[in-house]
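Please work through the exercises below with the sequence and the model side by side, and try each task before reading its solution.

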Amino acid sequence: MIQDRPYFTELKACLVSMLTSSDTNASSDDAIMIAFGANLPTEEYGAPAQTLKAALQRLAKDGDISIDLVSSFYETAPVPISDQPWYVNGVARLSTDMSAHDLLARLHEVEAEFGRVRRERNAARVIDLDLIAYGRDLVQEEGGICVPHPRMAERAFVLLPLRDVASDWVHPVSGQSINELISKLPADQQIRKQAES
């Protein structure tokens with residue numbers, strides 16, 4: 001089985017402290033957050049959760065990005081509802097000296113390395129890495145980068161894992177806390193924590 005390869009033993013050891021961390025008390029004012037998700041397997045890594053763990057390790061490989069905290073992984077129904085497989089989603093809290101532009105470019109590079117091909121919006125995918133917050137900064141360019149992510153406040157698959165890694169997070173535009181945002185989510189979004197793998 002693919003999970004028995006030595007690579008995954010090493011990967012699990014590398015990520016175990018991040019995946020089980022519960023230190024969400026540090027201030028989130030300067031925190032950089034990325035959301036990650038996938039609902040298709042890859043030939044090299046297997047199930048979506050394994051691909052996502054490998055992608056997080058790849059992000060930290062060059063030494064200019066530190067993965068400080070990783071949320072629990074969540075299984076989520078596609079939004080909007082469709083016949084696609086359910087997604088695996090989570091949020092990671094990063095530290096880096098890279099600009100928001102450069103970080104987003106790196107996320108896109110890693111997506112490409114892992115086989116992401118951008119076609120239609122909301123299509124099934126092997127990996128999705130989104131920059132959802134860059135501290136309290138507002139970064140907006142027409143047709144380009146937009147941080148905080150414009151739809152993050154409407155998505156349970158972003159907000160619930162975000163609360164795991166930043167329980168005191170406040171939206172820099174609306175001023176609403178993470179708990180206020182979660183309380184306003186549509187009731188039809190299906191989400192559950194994934195069993196540990």
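**Exercise 1.** Decide whether Glu154 is buried, partly exposed or exposed, and do likewise for Arg155.

*Solution.* Start with the scale, on which buried means under 20% relative accessible area, exposed means over 50%, and partly exposed lies in between (1.4 Å probe, protein chains only). Glu154 has a relative accessible area of 41%, so Glu154 is partly exposed. Arg155 has a relative accessible area of 17%, and therefore Arg155 is buried. Next, look at how the two side chains meet: Glu154 and Arg155 form a salt bridge with an N to O distance of 3.9 Å, where a salt bridge is a side-chain nitrogen of Lys or Arg within 4 Å of a carboxyl oxygen of Asp or Glu.

Before going on, note that this is a predicted model, in which local features need pLDDT of at least 70 and side-chain atom pairs count only at pLDDT 80 or more, while totals for chains, interfaces and linings use all residues. Residues are numbered from 1 along each chain as its sequence is written, and side-chain values use heavy atoms, with hydrogens and water left out.

**Exercise 2.** Find out which parts of the chain are tied together by the salt bridge between Asp64 and Arg106, and which network of salt bridges includes Arg106.

*Solution.* First take the pair itself, whose side chains meet at 2.8 Å, N to O. Asp64 sits in the loop between helix 2 (48–61) and strand 2 (65–70), whereas Arg106 belongs to helix 3, so the salt bridge ties together parts that are 42 residues apart in sequence; helices (H or I, at least four residues) and strands (E, at least two) are DSSP runs, numbered from the N terminus. With a relative accessible area of 30%, Asp64 is partly exposed, while Arg106, at 12% relative accessibility, is buried.

Then turn to Glu109, whose side chain meets that of Arg106 in a salt bridge of 3.8 Å, N to O. Glu109 and Arg106 both lie in helix 3, three residues apart, which is about one turn of the helix. Glu109 is partly exposed, because its relative accessibility is 44%. Finally, the network links Arg58, Asp62, Asp64, Arg106, Glu109 and Glu113, and the structure as a whole holds eight salt bridges.

**Exercise 3.** Determine whether Leu103 is buried or exposed, and list the residues that Leu103 is in contact with, leaving aside neighbours within four places in sequence.

*Solution.* Begin by placing Leu103 in helix 3, which covers residues 100–113. Its relative accessibility is 0%, so Leu103 counts as buried. Now collect the contacts, meaning heavy atoms within 4.5 Å: apart from neighbours within four places in sequence, Leu103 touches Ile32, Ile65, Leu94, Thr96, Met98, Leu131 and Tyr134. One of these partners, Ile65, is 38 residues away along the chain, and the C-alpha atoms of Leu103 and Ile65 are separated by 8.8 Å.

**Exercise 4.** Describe the protein chain as a whole by its helices and strands and by how much of it is buried.

*Solution.* Count the elements, which gives five helices and eight strands, and then read along the sequence to obtain the pattern α-β-α-β-β-β-α-β-β-β-α-α-β. Of the 197 residues of the chain, 49% count as buried. As a last step, consider the contacts in the chain with a separation of 6 or more, 70% of which are accounted for by residues 24 or more positions apart.
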